[in-house]
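Colleague: Could you walk me through this model, starting with how far to trust it?

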Amino acid sequence: MNENAPQNFDATDLDRLHAAVKREKPDVRPGAEPTPLWVFIATMAAMVIAGGYLGAYVGGFSFERNSPFDGTPEDVRPIDGDKGPELDPFQLAMKKGADVYAICGGCHGVAGGGQPGAIPPLAGSEWVLGGTERTARIVLHGLSGAVQVKGATYVSAMPPQGALNDKEIANVLTYIRNSWGNSGSMVTPEMVKKIREATASHAAPFTQEELEPFKDKNIEGPIPAGPGATAAPAAAPAPAK
């Protein structure tokens, strides 16, 4: 038989030839080999372990505690026992009061400067730094008519903010009394509650004349922290030996 003679192939032979070619694995160029399955499994296991560790030990995330925009560190005061660190009540009131002040800032200004002839300033104001009972009455029931502030006359009307709760009012009063160069004692929710109850029957906004008896009157009650604090700060724990 002549091996050089042309071979006759039918359709079946071609199908077998094509099937054999398809079974051949293509050549893979160096560096392009597929990633082994065990690498994916190991990576997923590491991610699960890392996620569990972070969830258990980072202490949680919240905007208030981890905001990069708040440059004022929290005033943390160590206390005895197993309770861990505790926020200073004054610093906490200042932080919360800044949030409530967003309601007031539209009129009184971000820096507490007010508006000439219309809205009195809060920065350096004798009304803000005077008796806490007067400012509490104003926030609860509003203010109308002409008022004298820092030697200037302002004619406008402040709407009542009695819809705020006692803690919110206390926080914002503490905030304005200790911002923009002001320095005043802290106002507590218990103090605001006293004035809310004492003025419950007062329906209209106050006038300057009505508030004159309270311009130097502070609401009675303990001041837990900050300027004029009446409660001694907790002692720091003794160093471990």
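What follows is a short set of questions and answers about this model.

Modeller: Happy to, and a word on conventions comes before your questions. This is a predicted model, in which local features need pLDDT of at least 70 and side-chain atom pairs count only at pLDDT 80 or more, while totals for chains, interfaces and linings use all residues. Residues are numbered from 1 along each chain as its sequence is written, and side-chain values use heavy atoms, with hydrogens and water left out.

Colleague: Which helix has the highest confidence in the protein chain?

Modeller: pLDDT is the predictor's confidence in each residue, from 0 to 100, and its mean over the protein chain is 79, with 67% of residues reaching 70 or more. Helices (H or I, at least four residues) and strands (E, at least two) are DSSP runs, numbered from the N terminus. Confidence is lowest in strand E1 (residues 76-77), at a mean of 40, and highest, at 97, in helix H9 (residues 189-198).

Colleague: Which helix gives the largest share of the largest nonpolar core?

Modeller: A nonpolar core is a set of buried Ala, Val, Leu, Ile, Met, Phe, Trp, Tyr and Cys residues joined through side-chain atoms within 4.5 Å; buried means under 20% relative accessible area, exposed over 50%, and partly exposed in between (1.4 Å probe, protein chains only). The largest core has 25 residues, and those with the most contacts inside it include Tyr101 and Ile169. Helix H4 (89-100), helix H7 (132-141), helix H8 (166-176) and H9 each supply at least two residues of this core. The largest share, six residues, comes from H8.

Colleague: How many residues of H7 are buried?

Modeller: The buried residues of H7 pack against helix H6 (126-129), E3, E4, H8, H9 and helix H10 (208-211), where contact means heavy atoms within 4.5 Å. Among the buried ones are charged names such as Glu133, Arg134 and Arg137. H7 is mostly covered, and the count of buried residues is 10 of 10.

Colleague: Which residues are joined into one network by salt bridges that share partners?

Modeller: A salt bridge is a side-chain nitrogen of Lys or Arg within 4 Å of a carboxyl oxygen of Asp or Glu. Arginine 137 and glutamate 133 meet in one (3.0 Å, N to O), and because they are four residues apart in helix H7, about one helical turn separates them. Lysine 217 also meets glutamate 133 (3.6 Å, N to O), a link between the segment after H10 and helix H7, 84 residues apart. The network formed through shared partners is Glu133, Arg137 and Lys217.

Colleague: Is glutamate 133 buried or exposed?

Modeller: Its partner lysine 217 is partly exposed, with a relative accessible area of 42%. Glutamate 133 has 6% relative accessibility, so this residue counts as buried.

Colleague: What is the phi of tryptophan 180 near?

Modeller: Most residues other than glycine have a negative phi. Tryptophan 180 is found in the loop between H8 and H9 and is partly exposed, with a relative accessible area of 26%. In this residue other than glycine, phi is positive, near 60°.

Colleague: And where is lysine 150?

Modeller: Lysine 150 has a positive phi as well, near 55°. With 49% relative accessibility, lysine 150 counts as partly exposed. Its place is in the loop between strand E3 (143-149) and strand E4 (152-158).
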